[in-house]
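Visitor: I would enjoy a guided walk through this structure. Could we take it one question at a time?

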Amino acid sequence: KRRLKDEVTQQLLSQALYRSQNIRGYIDRRRQLLVVATASATQADQFIELLTATLGQLPVKCLAGENVPYTLATWLKTNQYPSDWEILDRCILVTAPGDHPSIIKSQGHDVMSEPIQSILNQGAQVEELAFNWQDSLEFILTQDLVIKSLKYTQYKKVKQDQEDMTPEEAMVADFILSSQAISELVESIMALFSASPGKTQSEQDGANSDIQAIAEQNNRVIS
């Protein structure tokens with residue numbers, strides 16, 4: 001029976017339709033960061049598993065911050081936040097956190113408006129908030145320090161500068177510029193939210209883990 005099952009499985013696999021998917025990432029050795037271009041935790045895990053299988057041992061940790069929802073809510077309430085950060089017109093608030101939360105989404109409206117302030121004053125938490133960072137990156141930051149919907153705002157200017165480049169040269173230029181900005185953004189996030197890598201399973205078992213992973217694009221920060 002087992003042999004018959006294996007034969008049927010192999011036959012069906014040969015007839016199955018395959019779907020390939022590219023997930024990009026890079027390692028910033030100076031900052032000890034692994035950046036993976038996906039908002040999906042599952043895809044980030046798959047990327048890391050494949051990279052670990054290819055390179056050997058590669059312990060990583062998810063980035064964890066302190067009081068992120070409180071800090072984001074304070075920025076909204078006081079309209080005071082770091083000068084190189086700009087709050088944009090998109091947020092998600094959660095009231096009555098727990099088993100039955102109410103979710104309030106605002107997009108295209110002033111997030112400093114009185115209705116938003118009223119909801120915050122009733123104890124709502126900030127689940128997501130959109131930012132512009134140093135006029136170079138636009139993104140949404142979640143309370144779990146996931147970076148979503150990342151946009152490189154200098155992209156048009158970069159494309160104009162790349163008109164005389166080959167496709168390969170343009171790809172390298174894109175990577176250098178965007179990766180530098182992303183790594184600097186992650187440094188800023190870690191400093192502002194006292195963020196540090198959380199525990200890994202290997203660390204719980206007594207192993208050392210010293211490489212942080214950051215996921216981006218719909219953009220997710222692991223670390």
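Visitor: In the hairpin of β8 and β9, which residue takes a positive phi near 60°?
Guide: Keep in mind as we go that this is a predicted model. The hairpin has four residues between its strands. The residue there with a positive phi near 60° is Leu-145.

Visitor: How many bridges join strand β8 to strand β9?
Guide: Strand β8 covers residues 137-142 and strand β9 covers residues 147-152. The two run antiparallel, and Leu-137 stands opposite Tyr-152 in β9. The number of bridges joining β8 to β9 is four.

Visitor: Which strand holds the salt-bridge partner of Lys-148?
Guide: Happily, we can stay with β9, since Lys-148 lies in that strand. The side chain of Lys-148 meets that of Glu-128 in a salt bridge, 2.8 Å from N to O. Because Glu-128 and Lys-148 lie in two separate strands, the pair ties together parts that are 20 residues apart in sequence. The strand that holds Glu-128 is β7.

Visitor: Is Glu-128 buried or exposed?
Guide: Its partner Lys-148 is partly exposed, with a relative accessible area of 26%. For Glu-128 the relative accessible area is 9%. The cut-off for a buried residue is under 20%, so Glu-128 is buried.

Visitor: How far apart in space are Ala-39 and Lys-148, C-alpha to C-alpha?
Guide: Ala-39 is found in the loop between β2 and α2, and at 24% relative accessibility it counts as partly exposed. Along the chain, Ala-39 and Lys-148 are 109 residues apart. In space, their C-alpha atoms are separated by 6.3 Å.

Visitor: Which residues are joined with Arg-31 into one salt-bridge network?
Guide: A search of the whole structure finds three salt bridges. Arg-31 forms one with Asp-28, where the closest N and O atoms are 2.8 Å apart, and another with Glu-187, where they are 3.2 Å apart. As these salt bridges share a partner, the residues joined with Arg-31 into one network are Asp-28 and Glu-187.

Visitor: How many residues apart in sequence are the parts that Arg-31 and Glu-187 tie together?
Guide: Arg-31 lies in the loop between β1 and β2, while Glu-187 lies in helix α6. Arg-31 counts as buried at 16% relative accessibility, whereas Glu-187 counts as partly exposed at 39%. Given where the two residues lie, their pair ties together parts whose separation in sequence is 156 residues.

Visitor: Which buried residue of helix α3 forms a tilted aromatic pair with Tyr-81?
Guide: The buried residues of helix α3 (residues 68-78) are Val-68, Thr-71, Leu-72, Ala-73, Trp-75 and Leu-76. The count for the model comes to seven aromatic pairs. In the tilted pair with Tyr-81, the ring centres are 6.3 Å apart and the planes make an angle of 45°. The partner of Tyr-81 in that pair is Trp-75.

Visitor: Is Trp-75 buried or exposed?
Guide: Tyr-81, at 27% relative accessibility, counts as partly exposed. Trp-75 has 8% relative accessibility. Since buried means under 20%, Trp-75 counts as buried.

Visitor: Which residues form one aromatic cluster with Trp-75 and Tyr-81?
Guide: The pair of Trp-75 and Tyr-81 belongs to a cluster that includes Phe-139, and the numbering of β8 (residues 137-142) takes in that position. The residues forming one aromatic cluster with Trp-75 and Tyr-81 are Trp-85, Phe-131, Phe-139 and Phe-193.

Visitor: Against which elements do the buried residues of α3 pack?
Guide: Let us look at the surroundings of this helix. α3 is followed by Asn-79, whose phi is positive, near 55°. The elements that the buried residues of α3 pack against are β5, α4, β7, β8 and α6.

Visitor: Which residues does Ser-106 touch, not counting residues up to four places away in sequence?
Guide: The place of Ser-106 is in strand β6 (residues 102-107). At 10% relative accessibility, Ser-106 counts as buried. Its contacts are Asp-89, Arg-90, Cys-91 and Ile-116.

Visitor: Which residues make the nonpolar surface patch of about 280 Å²?
Guide: Our last stop takes in Val-8, which is found in helix α1 (residues 2-15). Val-8 counts as partly exposed at 38% relative accessibility. The nonpolar patch is made by Leu-4, Val-8 and Leu-12.

Notes. Residues numbered from 1 in each chain as written. Predicted model: local features only at pLDDT ≥ 70, side-chain atom pairs only at ≥ 80, totals over all residues. Heavy atoms only, no water. Pairing = 2+ DSSP bridges. Phe/Tyr/Trp six-rings, centres within 6.5 Å; stacked < 30°, edge-to-face > 60°. Buried < 20%, exposed > 50% of the residue type's maximum accessible area, 1.4 Å probe, protein only. Contact = heavy atoms within 4.5 Å. Salt bridge = Lys/Arg side-chain N within 4 Å of Asp/Glu carboxyl O. Patch = residues over 30% accessible without salt bridge, like charges linked within 9 Å, V, L, I, M, F, W, Y side chains within 5 Å. Areas by Shrake-Rupley, 256 points an atom, 1.4 Å probe, with all protein chains shown as cover.
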